[in-house]
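This report looks at charged side-chain pairs and at the nonpolar core of one protein model.

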Amino acid sequence: MFLDVSQLIQNDGAVKQIDLSIELDNLAFNGQDIVFETPFKLKGVVKNVAGVLYLDTDADVSFETQCARCLDRIKEHMSFKISEAFSKTDTDNEDITVLKSGNIDLEDITEKAFVGSLPINYLCSEDCKGLCSECGCNLNRETCSCNNENVDPRLAVLKNFLKD
């Protein structure tokens, strides 16, 4: 979705309110699939200050992903801010994006801000036990009978570290 800012960029001091929804394709991040359950809700403003457009919005989305330990599906909701600056002319400021047309690509900006706001991984709970390394059963739901005494021989000396 493109936001037309061609009139806004020509009028210093102009302001445009934003209140819209954007649907993005599902994505994978850090080995976890992210399935969007709702469109992104964007609410904010674009302001022209001395020829530079400042986009400041709040964004909300609900999505489904999986726990990094046990791989169960979990539902999440995220709110985050999007703040970007645009100019029609080239500047030395790295934080200002040069507009090649009179449009701002809101999908690209929203996706980048979303991914930048994600934690490294999600857990279904802080005390998630994960999967058994031997049989793969979910240790949150069942107890396996695997022998977990097998220790990597390189780390075997650490087994007795806290016994004294």
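How many salt bridges does the structure hold? There are 7 salt bridges, a salt bridge being a side-chain nitrogen of Lys or Arg within 4 Å of a carboxyl oxygen of Asp or Glu. The model is predicted, with local features needing pLDDT of at least 70, side-chain atom pairs counting only at pLDDT 80 or more, and totals for chains, interfaces and linings using all residues. Residues are numbered from 1 along each chain as its sequence is written, and side-chain values use heavy atoms, with hydrogens and water left out.

Three of the pairs are set out here, with buried meaning under 20% relative accessible area, exposed over 50% and partly exposed in between (1.4 Å probe, protein chains only).

| Pair | N to O distance | Relative accessible area |
|---|---|---|
| Glu37 and Lys75 | 2.7 Å | Glu37 39%, Lys75 58% |
| Arg73 and Glu64 | 3.0 Å | Arg73 41%, Glu64 21% |
| Asp108 and Lys112 | 3.2 Å | Asp108 36%, Lys112 56% |

Glu37, in the loop between S4 and S5, and Lys75, in strand S7, are 38 residues apart, and both belong to a network of salt bridges that also links Glu64 and Arg73. Asp108 and Lys112, by contrast, both lie in helix H2, 4 residues apart.

The largest nonpolar core, a set of buried Ala, Val, Leu, Ile, Met, Phe, Trp, Tyr and Cys residues joined through side-chain atoms within 4.5 Å, has 32 residues, of which Phe36, Phe63 and Phe114 touch the most other members. Leaving aside its neighbours within four places in sequence, Phe63 is in contact (heavy atoms within 4.5 Å) with residues including Phe36 and Phe114, and also with Glu37 and Lys75.

Key: Helices (H or I, at least four residues) and strands (E, at least two) are DSSP runs, numbered from the N terminus.
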